Amino acid sequence: ADQLTHDGARTLFVYVPLERYLETILAGEASMHETLGMAGMRIGRLAKLLPGWDLQLWQIDPIGRVAMAWMCEMITALVRIPESSNVMWLNFEKFVSDPAASLTELNTHFGLAMSSQHIASITAGPILQSYSKAPEHAYDSNLRRQLQRESAQKYQVEIRRILNWVDGLAKESPWIADVMHISGEGR
């Protein structure tokens with residue numbers, strides 16, 4: 001982030017709100033495996049970013065580690081943005097629900113000259129109909145939301161518990177409170 005956000009830079013940060021992030025990661029075995037594999041590195045980074053962070057990895061259950069990963073990446077981005085940067089925070093959920101509107105906002109933010117026809121051709125094309133990490137697999141916003149709903153139902157109690165945990169942490173940490181606010185989840 002610090003290499004891309006120099007003074008005056010127009011920057012885009014794409015994020016997923018914590019609750020949707022939890023649902024998405026919990027829906028995929030490979031995503032969960034990757035998140036847990038990176039947990040040690042992320043908790044170390046989080047400890048450097050947050051004064052008073054004293055939780056050790058062994059104290060956080062797997063679903064809490066998913067939330068910790070989200071906090072780490074969101075706070076890392078927030079900490080490294082110079083105040084003079086022109087940053088657009090884009091909720092990925094908003095993007096996938098109305099990609100044309102989001103691309104129009106991006107067009108304006110970056111001072112691009114994409115026509116509405118060009119934007120329409122992008123949104124109608126194959127890129128929004130396949131899984132980004134494996135384009136040979138069909139994966140659109142409807143399938144994504146279906147998997148999130150299934151995950152939300154399956155892990156309802158655990159997700160609520162972790163959201164409450166993060167809310168409690170936000171009361172102690174201005175950085176966590178800030179990322180919860182940015183993501184629209186500040187309570």
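In this predicted model, the largest nonpolar core holds 36 residues, and the members that touch the most others are L22, W53, M71 and I176. Five elements each supply two or more residues to this core: α1 (18–27), α3 (39–49), α4 (62–79), α9 (156–172) and α10 (174–182). Among these elements, α4 gives the most, with 11 residues. A general tendency offers some background here: in soluble globular proteins, nonpolar side chains tend to be buried together.

A closer look at I176 helps to picture the core. Leaving out residues up to four places away in sequence, I176 touches L50, M71, I75, V166, L169 and A170. One of these partners, M71, is itself among the core residues that touch the most other members. Apart from this core lies another one, made of 7 residues that include M88, F95, V96 and L103.

Helix α1 is a good place to continue. Its buried residues are L18, Y21, L22, E23, I25 and L26. The cover over them includes α2 (29–37), α4, α8 (141–154), α9 and α10. Residue T35 sits in one of these covering helices, α2. T35 counts as buried because its relative accessibility is 4%, which lies under the 20% cut-off. Beyond its neighbours within four places in sequence, T35 is in contact with Y21, I25, R42, R65, V66 and A69. Of these, Y21 and I25 are buried residues of α1.

With these details in mind, the overall fold can be read along the sequence. The chain contains 10 helices and 4 strands, arranged in the order β-α-α-α-α-β-α-α-α-β-β-α-α-α. The radius of gyration is 18 Å, close to the 16 Å given by the globule rule for 187 residues, so the chain is as compact as a globular protein of that length. Along the principal axes, the C-alpha atoms fill a box of roughly 50 × 40 × 30 Å. Buried residues account for 40% of the 187 residues in the chain. Among contacts with a separation of 6 or more, 67% join residues that are 24 or more positions apart.

The surface and the charges complete this general view. The accessible surface of the chain is about 10700 Å², and carbon and sulfur atoms contribute 55% of it. The chain carries 17 positive and 21 negative charges, and the mean positions of the two sets are 2 Å apart.

Two loop residues round off the description. The first to consider is M114, in the loop between α6 (99–109) and α7 (116–124). M114 counts as partly exposed because its relative accessibility is 21%, whereas a buried residue would have to be under 20%. Outside its neighbours within four places in sequence, M114 is in contact with L103, N107, I119 and I122. One of these contacts, L103, belongs to the core of 7 residues. From M114 to T104, 10 residues away in sequence, the C-alpha to C-alpha distance is 8.2 Å.

The other loop residue is Q129, found between α7 and β3 (130–131). Q129 has a relative accessibility of 39% and therefore counts as partly exposed. Although Q129 and D140 are 11 residues apart along the chain, their C-alpha atoms are separated by 4.7 Å.

Definitions and conventions:
Residues are numbered from 1 along each chain as its sequence is written. This is a predicted model: local features need pLDDT of at least 70, side-chain atom pairs count only at pLDDT 80 or more; totals for chains, interfaces and linings use all residues. Side-chain values use heavy atoms; hydrogens and water are left out. The radius of gyration is taken over C-alpha atoms; the globule rule is 2.2 Å times the number of residues to the power 0.38. Buried means under 20% relative accessible area, exposed over 50%, partly exposed in between (1.4 Å probe, protein chains only). Contact means heavy atoms within 4.5 Å. Accessible areas come from the Shrake-Rupley method with a 1.4 Å probe; for residues, only the protein chains shown count as cover. Lys and Arg count as positive and Asp and Glu as negative; His and the chain ends are not counted. The place of a charge is taken as NZ of Lys, CZ of Arg, CG of Asp or CD of Glu. A nonpolar core is a set of buried Ala, Val, Leu, Ile, Met, Phe, Trp, Tyr and Cys residues joined through side-chain atoms within 4.5 Å.
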